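Please open the structure in the viewer and keep the selection tool at hand. The tour proceeds from one selection to the next and says what is to be found at each stop.

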Amino acid sequence: MIEDIGTKRVLILLLLIVVNVTIFVSLGSYFKPEIRGAKTRLSALKEEASQQLQDLEQARLEIEQLDQTIESFNGLKEQGFLDNQDRRNASDLLQRIEKITNMVSARAQIQSAQFEDDIHASKAGHHIMASPIKLDLQALDDVDIYRYLYFVENSLPGHVSIDKFSMIRDGDVTAELLRAVSSGDDPALVSAELTLIWRTMIPIEEDGSDNEEGYTP
Amino acid sequence: MAISLFSQQKNILMLSDDALSIFVGQGAGVKLAKTIEWTDPDFEFIVGKTINDEGKGKPVVILNDMLEQHYRKEKITRAGVGMMDRNSMIRRKLMAAFPSYPMRAFLPLKDKGAKTKTGAAADTYLFAAIPDSGVFKQTVDVVQKGGLNLTGTHLLPVEASDMVQQLAGKLLKKKPSPKSWTIFIGQHRHGGLRQIVTRNGDLALTRMTPMHDMNGDPAHWAREVVQEFKATMSYVSRFGYEPMDGLNVIVVCDDESGVELEQTIGAESDFFAISVSDASKMLGLKIDDLDQENYADVLHAAWVAGRPRAKLPMRVQEIDRVERPRAVIAFLTVLFLCSGGYLAYQAMGEFSELREVQSNISKVAIRKARLTQEYEVELERIKEFGVDFALVQNSLRVKDMLDKQHVDSLSLFSAIAKALDGNMTIDSITLEPKKDDKLEAFLSSVEGMELPLIDLPDDFRYDALYRAMLKISYPTTANVDRANREIRQFSERLQKELPDHLIKVEKYIKDYAYTENVVIDSAGGDEDKLAQDFMAQILIEGANPQAQPSDEEGVQ
């Protein structure tokens, strides 16, 4: 049969079949997997480059923002916003404020600190330490109460905010009261009950003070 | 003759009754390579060698010039036969006409039978058949054993009819009239005198008669030709020839024989005696190594070799048996050639794509390396600050949030002090932050999420809302209307000092609509009751006063 058909024809056909099979196999077993792998590598590399670009832009933004915010941040640090709450110092400070503001009496109680979670504090690896401060104040004049409050808000390290404020006029200015003042007594005309929240931001690793005891100066 | 792109060179095996003439394709023409008698003991060897050596194994065509060829004209009506069935019907008629001849074929002729009153329109076909002779088998065997490609078997008179028509046109210098008859006469080297009669390009009659050697006496040769010509004319007359139709006589011979013949032919005709060289030039054929100008067989071989397709290919079983597998092989070859081309194109595309992707990988890698380098430089700059950027940014945000939530009590007290009349005193002030309804609504909308994970919208206002209550007492002897007027005026002044706040007198003095507990004590509680009656209450709700002076002077 092959002789009838012609050996040359059969050989050419076989050669063509071999060529076809070779190309087909190389397409399936080499080119396609190779392209797929290369595309995967390219995709991963692009993602890495994109991430790198983002990091770079972020770093540049950070540098730009740091230029603008570093002074404010240093101010915060100096103010003690990022420090642990030193209750001994706070107690001394409250006593000094009491004297400065001429309180007839002042009872302060720094209660156990609570930890408040905050997304921004968490991003920085910190959380907010919040200590309620209960104040029972008695003064001759309500202005003294305001001054006391002003000094507390502006002297304690960190941030102090009012949670509750109640002030009552206990008596009127009478002749008896004036005589008592002149004799050196300190009669109280105004009393106030305050609850303040004292907050600072501390690193999460330093949260061993979770159950810190309250403190009354 | 120009080489055709569509017709490959062929070797022509011309079968005559006495011998086989081998014409080999050479360049753009043919040449007579060998003539071998059928009885030659080395027939097979010589034929095979000649075709392979001189003919370079090119495809072979058998051109039958033997005496025994059978023709018949058949008129087949068109009516009642569909186009699809026509060929099979004609084949059946062909088989019926020549039942004992294995090689048959039919050819539609130009002569059409018009529709008449008595009969339907008909087509005329030329039926042809040749016997399966011993010499034919002998030739086919040689071809097949030599592994040569036998492409077809043709009948010389049928294939030559077009040549005769074309040659007549060239000699007459005009297209022959469709009615005119043309007789082509040529002597073959080992055959006899071949006369081919055509009308309107179709074969009308052919005769092969033995002849003396034409290289002898031209006059004698002419007489013999005239004798055969007259016999042919008697046949032609029976086929309907009329002198008024016109007659062209073309004789292939040398000049001397031609002159002799022209004088003796004695018929009213356009007579042309032409040599093989002149005829081949006129037909655009190329004949190599032409040794005799008066043998017409080489002219026929050149004509058939130059035609891309045969006019009437004969079906031969021996050829079909080989041709079918060859056709399959050829089809597969073309198929694999095409698929190979397509796959190669695909491979080129894939290769190109791979190169492109690899090139992109290199580009991206370079870009990434550059970005990494730049990033490291920026990191160094950040390190120079000596701070943690996240701590800087987030601590400032936390502080900002706390500041916004901080109730600026001292500014509020300052505003209240400004609004107070010199005669009025406040008995008590209570102040507490008020829950932010907007914030509460937002938090309830994200119920189920851990609060630390919630990042409030950037445009969210953290304004510290608060609620303050002022209590003002009057002596029981005070004029109620006057006191209430003072309270109202005080609230109006407060509103002016705190424009964005809600200022509301919750209770005027002697106002029983108030919701606080009313103490009724029959055992001497009148003083409390009176004190309660002369107590006014003012509610303040709002956020931190905007741009209020926060100096202590204002409070004092």
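**Where the two chains meet**

Across the interface of chain B and chain A, 17 residue pairs are in polar contact, with both residues of each pair at pLDDT 80 or more. The model is a predicted one. To see which parts of chain B are involved, select α9 (317–385), α10 (389–405), α11 (409–419), β14 (428–433) and α15 (552–555); these elements of chain B each give two or more residues to the side that touches chain A. Begin with α9(B), which gives the most to that side, with 35 residues.

Next, display both sides of the contact in full: chain B provides 74 residues and chain A provides 74 residues. The size of an interface is often given as the accessible area lost when the parts come together. Here chain B and chain A bury about 7100 Å² between them, and 71% of that area is on carbon and sulfur atoms.

Charged pairs also occur at this interface, where the count is 6 salt bridges between chain B and chain A. Select Arg60(A) and Glu378(B) and show their side chains, which meet in a salt bridge at 3.5 Å, N to O.

**A stop in helix α11**

Move to Ser411(B), which lies in helix α11 of chain B. Is Ser411(B) buried or exposed? Its relative accessibility is 0%, so Ser411(B) counts as buried. Add Asp408(B) to the selection: a polar contact of 2.5 Å joins the side chains of Ser411(B) and Asp408(B).

**Helix α1 and its cover**

Now select residues 43–53 of chain B, which form helix α1. Colour Phe43(B), Val47(B), Gly48(B), Thr50(B) and Ile51(B), which are buried. These residues are on the same side of α1(B), because they cover an arc of only 165 degrees around the axis. An α-helix has 3.6 residues a turn, so residues three or four places apart point the same way.

What covers the buried residues of α1(B)? The cover includes the strands β1 (11–15), β2 (19–26), β3 (29–37) and β4 (60–64), together with helix α3 (134–145), of chain B.

**Chain B as a whole**

Finally, select the whole of chain B, which has 15 helices and 17 strands. Of its 556 residues, 47% count as buried. Among the contacts in chain B with a separation of 6 or more, 69% are between residues 24 or more positions apart. With the surface of chain B displayed, the accessible area comes to about 28700 Å², of which 52% belongs to carbon and sulfur atoms.

Technical notes
Residues numbered from 1 in each chain as written. Chains lettered and ligands numbered in written order. Predicted model: local features only at pLDDT ≥ 70, side-chain atom pairs only at ≥ 80, totals over all residues. Heavy atoms only, no water. Helix = DSSP H or I, 4+ residues; strand = E, 2+ residues; numbered from the N terminus. Buried < 20%, exposed > 50% of the residue type's maximum accessible area, 1.4 Å probe, protein only. Contact = heavy atoms within 4.5 Å. Areas by Shrake-Rupley, 256 points an atom, 1.4 Å probe, with all protein chains shown as cover. Arc of directions from axis to C-beta. Buried area = accessible area lost by both parts, 1.4 Å probe. Salt bridge = Lys/Arg side-chain N within 4 Å of Asp/Glu carboxyl O. Polar contact = N/O pair within 3.5 Å; in protein donor to acceptor, adjacent residues only side chain to side chain.
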